[in-house]
Amino acid sequence: MAEIITILSGKGGTGKTLFAVNTGVYLALKGKKVLIMDMNFSARGVDIALGLEERVIYDMVDVLKGDCRIKQALVRSREYENLYIMEPPAVKKAGEVSLLELAVLAERAGRNFDYVIIDTSGGINTVTEGFGPKSGRVMLITTQDPVSVRAGQSLLASLKNRGTGNIQLLINKVRLRLADKGYLTDVEDIAETFGIEVCGVIPYDESMHVAFNNGKAVVDIEDSAGAEHLNRVIQRFLLTE
């Protein structure tokens, strides 16, 4: 049975998909067989992050409707042989499927994998609330933006109310100078208000976003402070891996 890892955030734009993809790459490079399930029905992006958008023929709704088999909806990475993705529809809405159907799909698809990474959409929704309790590890990502912090705190409260444990916090896209000037929330203040384990702090690094938008894994970037921090956070998040 695959371990489920869920990556979530209170709002969009925190770097959630970037973290999910690079965690998958890291595990694949360690010889683990990994499936990333992109459950952001409003704005899928895992395929773009891995340069696989033109290879997606079938999606998870096609599987659930019986239009294809699970194997046909799996897209294998060109660069990392142990890494696969499954995408949501490009235009269909999440309302077409239920949380139960998605959970069953994740369980069935995960039978042939060591890890299933769930990349959720931002905010409180059925996927973030439903997969949290099923996950061996949960990463909650926020930025210093006050709206992101507030939304993340609301999501954290919802997750705890539903019995989700093992939640770690990542503070991403950190700009210390702007925080010093009072334009962004201080990192220490964010950590204190969330009150959960801080897995890491990653500085804003333009090279990471350039790589992401061009289908390249950040873990492969050289001479990047952001990439170095990301690699350390992933290792800490996965502990013994």
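Arg111 is exposed in this predicted model, with a relative accessible area of 53%. Its salt-bridge partner is Glu107, and the closest N and O atoms of the two side chains are 3.0 Å apart. Glu107 counts as partly exposed, at 29% relative accessibility. Because the cut-off for the exposed class is over 50% and the partly exposed class lies below that, down to 20%, the two residues fall in separate classes, Arg111 at 53% and Glu107 at 29%.

The pair Glu107–Arg111 belongs to a set of salt bridges whose count comes to 7 in the model. Another of these joins Glu3 and Arg137, with 2.7 Å between the closest N and O atoms. Glu3 is located in strand β1 (residues 3-9) and Arg137 in strand β6 (residues 137-142), so this contact ties together parts of the chain that are 134 residues apart in sequence. Arg137 is buried, its relative accessible area being 11%, whereas Glu3 is partly exposed at 23%.

A salt bridge is also formed between Asp119 and Lys16, where the closest N and O atoms are 3.3 Å apart. Asp119 lies in strand β5 (residues 115-120) and Lys16 in helix α1 (residues 16-29); the pair therefore ties together parts that are 103 residues apart in sequence. Asp119 and Lys16 are both buried.

In addition to these pairs, a network of salt bridges links Arg44, Asp47 and Glu87.

How values were computed. Residues are numbered from 1 along each chain as its sequence is written. This is a predicted model: local features need pLDDT of at least 70, side-chain atom pairs count only at pLDDT 80 or more; totals for chains, interfaces and linings use all residues. Side-chain values use heavy atoms; hydrogens and water are left out. A salt bridge is a side-chain nitrogen of Lys or Arg within 4 Å of a carboxyl oxygen of Asp or Glu. Helices (H or I, at least four residues) and strands (E, at least two) are DSSP runs, numbered from the N terminus. Buried means under 20% relative accessible area, exposed over 50%, partly exposed in between (1.4 Å probe, protein chains only).
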